[in-house]
Amino acid sequence: MDIQPAMVFVTGATGFTGPYVVEALLAAGESVRCLVRETSQADFLVQRNIPIVEGDLERPDGLVEAIQGADALVSVSPIRFAPSLVAACQQAGVTRGVFLSSTWRFSKVRTPDVEAVSSGEEAVEASGMEATILRPTMIYGPGNDRNLSLLRDYLGKRSILPIFGSGENLVQPVYVTDVADAVVAALLRSGTIGQVYELAGGEPLTYTAMVDTLSHLMGRTVVKVYVPLFVAVPLIGLYGKLTRNPAVRVDQVKRMAEDRAFDISRAEKDLGFAPKSFSVGMREAMQINGEL
Ligand SMILES: NC(=O)c1ccc[n+]([C@@H]2O[C@H](COP(=O)([O-])OP(=O)(O)OC[C@H]3O[C@@H](n4cnc5c(N)ncnc54)[C@H](OP(=O)(O)O)[C@@H]3O)[C@@H](O)[C@H]2O)c1
C-alpha cells in the first residue's frame, strides 16, 4: 500500500455493492463522502454520520462542488456516468479515481447498455486522470443481489428450471466483499494507476454446475429443462413484446451462449485479489441471510 488519500468521494454507495465498498474504505482508515439521490436508501450512511451530498448523475449540476476537497473518487455508480464524473473531477482538481465497470464490455451481444460501458471506460481513459478501472463479472452476496438471489428465490418455490442453451457455458460470479476489497486495494496501490483489471470469482464453472451447487446448498431437487436458443430467443422476444417489465430479456438469453470466465491473474498479483470460490461465497451469503 503506497497511497493514502484522506477523503474519498464515493458515488453509488447506496446500491448493492456500494455499502460494502464504503465499509472497506472506512476499515482501511479512509474518510468518505457519498453522493446520493433524493430517492436513495441512505439511512445506513446517515446512521454512521457519513457525510452525504444530494445529487443526480443524470443532471450533474453541483457535482464539482460535491467533489471539491476530496483526494480521490471511487465510482461504484454505473460506468456510463463516467463522462460527467471525470469532467467534474478535472474541474475540482481531483486526479485519482477508481471506477467499477463491467465484463459486459466483452459481450458480443451489443446493446445500448453494453455500448455505454465501453464509452464510459473510454471517457476515463481519455481523461488523463490517474485512474484504475475494475471490471467485475456478476456480483452476488447476502440479501437482494438481484442476480443469484433471484435464482435462489425461484429454486425455493419451483422444482423445474428452464435453462436457455446448453448450460455448458462458463460463468464466474464474484462475491461482493471480494469486489469491495479489490476497490480499496486499487485505490491504495499506486502501481494500479492506468491499469484495468477483471474481477471474477475463485474459479469458472458451467451454468449447470452453478445451479447444481446452489440447489445442493438449498437442499432442493431441481429438474433442469434445457431450452435450445433457437427456441428460447423468439419465445422470450415475444414475451418481451407482451410484457411491460419482462423478467428475462432476449440479450440475456443470447448471452447464455457466451463464456463469462475471465483471467484474474493480474488482479491477484497487483491487488492481492483472492476471491472466494462459488460454493464458499454462496454458503457464506446464505448463512448471513439465515438460510443455512
Ligand atoms: N451487479 C452486478 O452483477 C454487476 C456486474 C458487473 C458490473 N457491475 C457494476 O458494479 C457497480 C455496482 O453494481 P451494483 O449492482 O452494486 O449497482 P446498483 O445496486 O445498481 O447500484 C447503483 C448505484 O448507483 C447509483 N446511481 C444510479 N444512477 C444514479 C444517478 N443517476 N445519480 C446518482 N447515483 C446513481 C444508485 O443510487 P440509488 O441507490 O439511488 O439507486 C446506486 O447507489 C455498478 O457500476 C455496476 O454497473 C455490477
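This section describes the sheet and a helix–helix contact of a predicted model.

The model contains an open sheet of 7 strands, in which the pairing is parallel and the strand order is β3-β2-β1-β4-β5-β6-β11. The edges of the sheet are formed by β3 (52-54) and β11 (196-199), each of which pairs on one side only. From one strand to the next, the twist averages 20°. At the β11 edge, strand β6 (residues 130-136) runs parallel to β11 and is joined to β11 by 4 bridges. Within this pair of strands, Arg 135 stands opposite Glu 198 of β11. Helix α4 (residues 82-92) packs on the sheet, where α4 touches β1 (7-11), β4 (72-75) and β5 (96-100). The direction of α4 makes about 170° with that of β4.

A further packing arrangement involves two helices, α8 (residues 207-218) and α12 (residues 278-288), whose axes come within 10 Å and cross at roughly 35°. The crossing of α8 past α12 is right-handed. On the α8 side, the contact is made by Met 210, Thr 213, Leu 214 and Leu 217, while α12 contributes Phe 278, Ser 279, Met 282, Arg 283 and Met 286. By residue class, the contact of α8 with α12 comprises 6 nonpolar, 2 polar and 1 charged residues.

Technical notes
Residues numbered from 1 in each chain as written. Predicted model: local features only at pLDDT ≥ 70, side-chain atom pairs only at ≥ 80, totals over all residues. Axes fitted to C-alpha atoms, helices over the stretch in contact; angles between N-to-C directions. Left-handed = near helix turned anticlockwise from the far one by under 90°. Contact = placed C-beta atoms within 7 Å. Nonpolar A, V, L, I, M, F, W, Y, C, P; charged D, E, K, R; others polar. Pairing = 2+ DSSP bridges.
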